[in-house]
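Dear colleague,

Here is the structure you asked for. My notes on it follow below.

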Amino acid sequence: MTEPAPGKVAAGFPSGAASELAALKLGATIGILGGGQLGRMLSLAASRLGFKTHIYCPDKDSPAFEVTLHRTIAAYDDRAALEKFAALVDVVTYEFENVPAGTAEILASLKPLRPGANALAISQDRLAEKTFIGNLGIPVAPHRPIHAPGDLAAALADLGGAGILKTTRLGYDGKGQRRVTSLTEAEQAFADLRPHPLVLEALVPFEREISIVIARGLGGDFAPFDAAENVHRDGILATSTVPAAISDATAELARGYAINLTIALDYVGVLGVEFFALADGSVIVNEIAPRVHNSGHWTEAVCITDQFEQHIRAVAGWPLGDPTRLADVVMENLIGDRIGAIPSELEPGIRPHAYGKAESRPGRKMGHITYVAPKTPRK
Ligand code: AMP
């Protein structure tokens, strides 16, 4: 497979390499692991392109089941159900990074799994992720592995006396992490956080948080979306604003890192890369997510090709689409009762998206709205 020259952005036409690889035909079936809102939005995009989707999820009330006829309700370690599912689909993808390794292995032996199992393994473990990213020469937060309470004192001293203690696995939306400013607090957090081991990260004095959502096709073509500026509340993404208030040089730096990550992972699909942007214009990777990303939902409202279509194109072996952004946007997550904004606050220029979840709970992502405004010319 030939790699693109760094910085060359796919314009949405088949590269020679891509067209030689098997592209799924109209009417083929894409298997999706996970039945949440991301699986639902992937399924909708796939339908629009003429594919069928089959959703695999243990939860019978999955929002993604509302948008496709084909479903498997079974545990992720149910080998017989996985084999049956694999026999019914042409390719397998997923909407969440905590797909168990055994599940990925079984499916990958039966059908193409895109993105591949290596992207899952790396993104499931914060230490493996930081090591992988750091080895590419891409900055990550200073950190120390914490296997036992006895590791805490030296790690805290190394990192300036404060930090964020995080579980290496299964953390999401701010869960599985605690800010600590003393050894006593760190010891308490160690006792509270599960599962072990943990990682202590230095507190990064970031100016803002940004993300790059990027697609890479089967033939190695790639297409990053514009950087989004993200605000988190209680560890959960609250808003994404595009354009981000960063310099062109910072945007270019982040985009270059994102491109290098997809190449190093030999990635196929959409990858979310979260960064801390520092006052000096540099960026640090916080984490990567091998899937469509909440901070890319705005693309649905204002890009020629959105992240969901882009992911489906990639895993189907189709040429990527054009990621060009046509308008300025703010995407606001509707969390818990905030879903009440639909329809009461809708005005022209606001695009609603409700996930069809029956029950709203505090902290639960129920939908999002996107405020669309004419694009401001860059100075
Ligand atoms: P994470 O689950 O690692 O994405 O962390 C959730 C949020 O916590 C991030 O989006 C940041 O707002 C904050 N955070 C995480 N790690 C750090 C860090 N090392 N320094 C400062 N803030 C952090």
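Contact, as used below, means heavy atoms within 4.5 Å. Please keep in mind that this is a predicted model.

Phe275 is a good place to begin. Leaving out neighbours within four places in sequence, Phe275 is in contact with a run of residues from Arg208 through Glu209, Ile210 and Ser211 to Ile212. Its other contacts on that count are Ala254, Tyr257, Val283, Ile284, Val285 and Asn286.

Phe275 also belongs to the largest nonpolar core, which has 86 residues. Along with Ile30, Leu33, Phe51, Ile288 and Trp298, Phe275 is among those with the most contacts inside this core. Helix H9, residues 248-264, gives the most to the core, with six residues. Another core, of 14 residues, lies apart from it and includes Leu159, Ala186, Leu193 and Leu200.

Next, the ligand. It is surrounded by 15 residues, and the closest are Lys166, Gln177, Ala202, Val204 and Glu209. By class, this shell has six nonpolar, six charged and three polar residues. At least two residues of the shell come from each of strand E6 (163-167), strand E13 (269-277) and strand E14 (283-289).

Which atoms of the protein lie at polar-contact distance from the ligand? Three pairs can be named:

- Lys166: a polar side-chain atom lies 2.7 Å from an oxygen atom of the ligand.
- Ala202: a polar backbone atom is 2.9 Å from a nitrogen atom of the ligand.
- His232: an N or O atom in the side chain is 3.4 Å from an oxygen atom of the ligand.

On its own, the ligand has 480 Å² of accessible area, and the protein covers 92% of this.

The last item is Asp328, in strand E15 (residues 327-335). Is Asp328 buried or exposed? Asp328 counts as buried because its relative accessibility is 9%, and the cut-off for buried is under 20%.

What does the side chain of Asp328 pair with? One polar contact, of 2.7 Å, joins it to the side chain of Arg325. Another polar contact of 2.7 Å joins the side chains of Asp328 and Thr376. Not counting residues up to four places away in sequence, Asp328 touches Val242 and Pro243, and also Tyr371, Val372, Ala373, Pro374, Lys375 and Thr376. Thr376 is thus listed both as a polar partner of Asp328 and among the residues that Asp328 touches.

Regards

Notes. Residues numbered from 1 in each chain as written. Predicted model: local features only at pLDDT ≥ 70, side-chain atom pairs only at ≥ 80, totals over all residues. Heavy atoms only, no water. Core = buried A, V, L, I, M, F, W, Y, C linked by side-chain atoms within 4.5 Å. Buried < 20%, exposed > 50% of the residue type's maximum accessible area, 1.4 Å probe, protein only. Helix = DSSP H or I, 4+ residues; strand = E, 2+ residues; numbered from the N terminus. Near = heavy atom within 4 Å. Polar contact = N/O pair within 3.5 Å; in protein donor to acceptor, adjacent residues only side chain to side chain. Areas by Shrake-Rupley, 256 points an atom, 1.4 Å probe, with all protein chains shown as cover. Nonpolar A, V, L, I, M, F, W, Y, C, P; charged D, E, K, R; others polar.
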